[in-house]
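Here are some notes to help you find your way around this one. Keep the viewer open and follow along point by point.

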Amino acid sequence: MRALLRTALAAVLLAVAGCGGGTADVAGKVTFRGKPVVFGTVVVIGPDGVPKSGAIQPDGTYRVRGVKTGIAKVTVSSPPPPGLVPASKKKVGRDEADERTPADAGNPVSPEVARGWFPVPEKYADPERSGLTAEVKPGQPVDIDLK
């Protein structure tokens, strides 16, 4: 009888522990002022506080795997890709994209990224200042439009 009681209690505890809402992959597109962000990283901090990250592709798309479902904080960073350094770190936005200079010739990025990269405001890389949140649900895309 005690063995049956222990088995039943263990089953209940396992069932309760498994009722956490699960995880989901988060995917979408990152844009800044309507233009795709072509390089960088998206970090999604799920309601469990665990940060998960994914690389931004040259078309602006990203995928972050295994994020706890629920309301999450989101950050976006787009540092200068290897091979490019912005002419002025103070300038932000697409209009200044042509004001770049070559930097690291040993690790150049693709021509597509070199032509399309521009800096985004640094506040989007800080989860406390970005102002970006998303509801993580299985199969639901999360597009990120930075202003």
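1. Where does R33 lie? Look in the loop between β1 (23-32) and β2 (35-36). Keep in mind as you look that this is a predicted model. R33 is exposed, with a relative accessible area of 54%; the cut-off for that label is over 50%.

2. Now check the backbone there. Most residues other than glycine have a negative phi. R33 has a positive one, near 55 degrees. The setting is the hairpin of β1 and β2, with two residues between the strands. Those two strands pair in the antiparallel sense over two bridges, and T31 has P36 as its bridge partner in β2.

3. Stay with β1 for a moment. Seven of its 10 residues are buried, so the strand is largely enclosed by the rest of the structure. Besides β2, β1 pairs with strand β5 (residues 61-68), antiparallel and over six bridges. One place to see this is A24, which stands opposite V67 in β5.

4. Which way do β1 and strand β10 (residues 144-146) run, parallel or antiparallel? They run parallel, joined by three bridges. T31 turns up here too, with D145 as its bridge partner in β10.

5. On to charges. Side chains of opposite charge can pair when their charged atoms come close. A search of the whole structure finds five salt bridges. One of them joins R63 and D25, at 3.9 Å from N to O. This pair links distant parts of the chain, with R63 in strand β5 and D25 in strand β1, 38 residues apart. Both ends count as partly exposed: R63 at 42% relative accessibility and D25 at 31%. If you colour by charge, include R65 as well, since D25, R63 and R65 are linked in a network of salt bridges.

6. Another salt bridge to look up is K73 with E128, where the side chains meet at 2.9 Å, N to O. Here, too, distant parts of the chain are linked: K73 is in strand β6, E128 is in the loop between α2 (111-116) and β9 (133-136), and 55 residues separate them. K73 counts as partly exposed at 34% relative accessibility, whereas E128 counts as exposed at 61%.

7. There is also a salt bridge between E135 and K137, whose closest N and O atoms are 4.0 Å apart. E135 is partly exposed, at 40% relative accessibility, and K137 is partly exposed at 37%.

8. Is T75 buried or exposed? T75 counts as buried, at 7% relative accessibility. You'll find T75 in strand β6 (residues 70-77). Leaving aside neighbours within four places in sequence, T75 is in contact with T41, V42 and V43, and also with Y124, A125, D126 and P127.

9. Last stop: V50, in the loop between β3 (40-45) and β4 (51-56). V50 is partly exposed, with a relative accessible area of 37%. Not counting residues up to four places away in sequence, V50 touches V44 and I45. For a distance to try in your viewer, take V50 and A72: they are 22 residues apart in sequence and 9.8 Å apart in space, C-alpha to C-alpha.

Terms used: Residues numbered from 1 in each chain as written. Predicted model: local features only at pLDDT ≥ 70, side-chain atom pairs only at ≥ 80, totals over all residues. Heavy atoms only, no water. Helix = DSSP H or I, 4+ residues; strand = E, 2+ residues; numbered from the N terminus. Buried < 20%, exposed > 50% of the residue type's maximum accessible area, 1.4 Å probe, protein only. Contact = heavy atoms within 4.5 Å. Pairing = 2+ DSSP bridges.
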